[in-house]
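User: Hi! Could you walk me through this model with a few questions and answers?

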Amino acid sequence: MADKPKPDDRPITVRDFAERKRKGEKLVVMTAYDALFGRLVDESGVDAILVGDSVGTAVMGYTSTLPVTLDHMIYHASAVRRGVKRALIIIDMPFLSYQASIESAVLNCGRAIQETGVTAVKVEGGSSEMLDTVHALVRTGIPVMAHIGFTPQSVNTIGGARVQGREEEGAERLIGEAKGLEEAGAFGIVLELVPAPVSARITAAVGIPTIGIGAGLQCDGQVLVLPDVLGLNDTFKPKFLKRYAEMAPEVRSAIGSWARDVRSGAYPDAEHSF
Ligand code: KIV
């Protein structure tokens, strides 16, 4: 008879997100873009993996997330899905895949869930633009993670990666947007580049978890971008980022050693030959 999964091995669901907030337990979310790192990130015990459209800047070499398409996201999220057993997987919906109409949002988010097998979608924007869309998605059976503060798909209208809600008016607007998104049925909200005291007010104002990136300690959870945390993108160092490894020099050094061995004839030696 197959072993029964231990309680901690069972897949994380959106209900666990609500439960964690209720219990005051932090949520840990990390991005991943392929099956290899999806598996490693999952095995490290995170609660959720976001297949972020940050794939555009972190992996694909674009200078913004705007060129990322739904086909790209489906490709990457399907790969992550194949590597992950436990973490909740959220697919980031890319620019133009959900903003034009509620119908296109439902069809594109539905396609993303259907073709990748992941559980939830993330969409950018506050309740003033997204209320009806989030409501329609949740009614269709698609769990939605919202995203307010700095929203990278609006980088051109915002005028750069700027902290949002520094003034009281902006802070109150963000609190209102968060409340509206909760009412619309979102199961969580990413807060990006929001002053820590404002994040604390938002977090206290809503019953769903807030997941911060550059949004201070008092969010209910944190998310970071995998290649940044691992120090693979060694030219990118925003204030909020803490690197937990310095892998770029290690990668250059390992490949450099191998190249030297190939050129000198030291590889492959007898041990590595048939
Ligand atoms: O695309 C992404 O990785 C994100 C996170 C930074 C929240 O949206």
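The turns below cover the basis of the model, the domains and the ligand site.

Analyst: Happy to help! This is a predicted model, where local features need pLDDT of at least 70, side-chain atom pairs count only at pLDDT 80 or more, and totals for chains, interfaces and linings use all residues. Residues are numbered from 1 along each chain as its sequence is written, and side-chain values use heavy atoms, with hydrogens and water left out.

User: How far apart do the C-alpha centres of domain 1 and domain 2 lie?

Analyst: The domain bounds come from an automatic or database domain assignment. Domain 1 covers 14–243 and domain 2 covers 246–274. Their C-alpha centres are separated by 39 Å.

User: How many salt bridges are there between domain 1 and domain 2?

Analyst: A salt bridge here is a side-chain nitrogen of Lys or Arg within 4 Å of a carboxyl oxygen of Asp or Glu. Arg252 and Asp234 form one through their side chains, at 2.9 Å from N to O. Between domain 1 and domain 2, the count of salt bridges is 2.

User: How much of the ligand's accessible area does the protein cover?

Analyst: Residues around the ligand (a heavy atom within 4 Å of it) include Thr31, His147 and Val225. The side chain of Asp53 has an N or O atom 3.0 Å from a ligand oxygen, and a polar side-chain atom of Asp92 also lies 3.0 Å from an oxygen atom of the ligand. Accessible areas come from the Shrake-Rupley method with a 1.4 Å probe; for residues, only the protein chains shown count as cover. Of the 260 Å² that the ligand has on its own, the protein covers 96%.

Key: A polar contact is a pair of N or O atoms within 3.5 Å; within protein, one must be able to donate a hydrogen and the other to accept it, and residues adjacent in sequence count only if both atoms are side-chain atoms.
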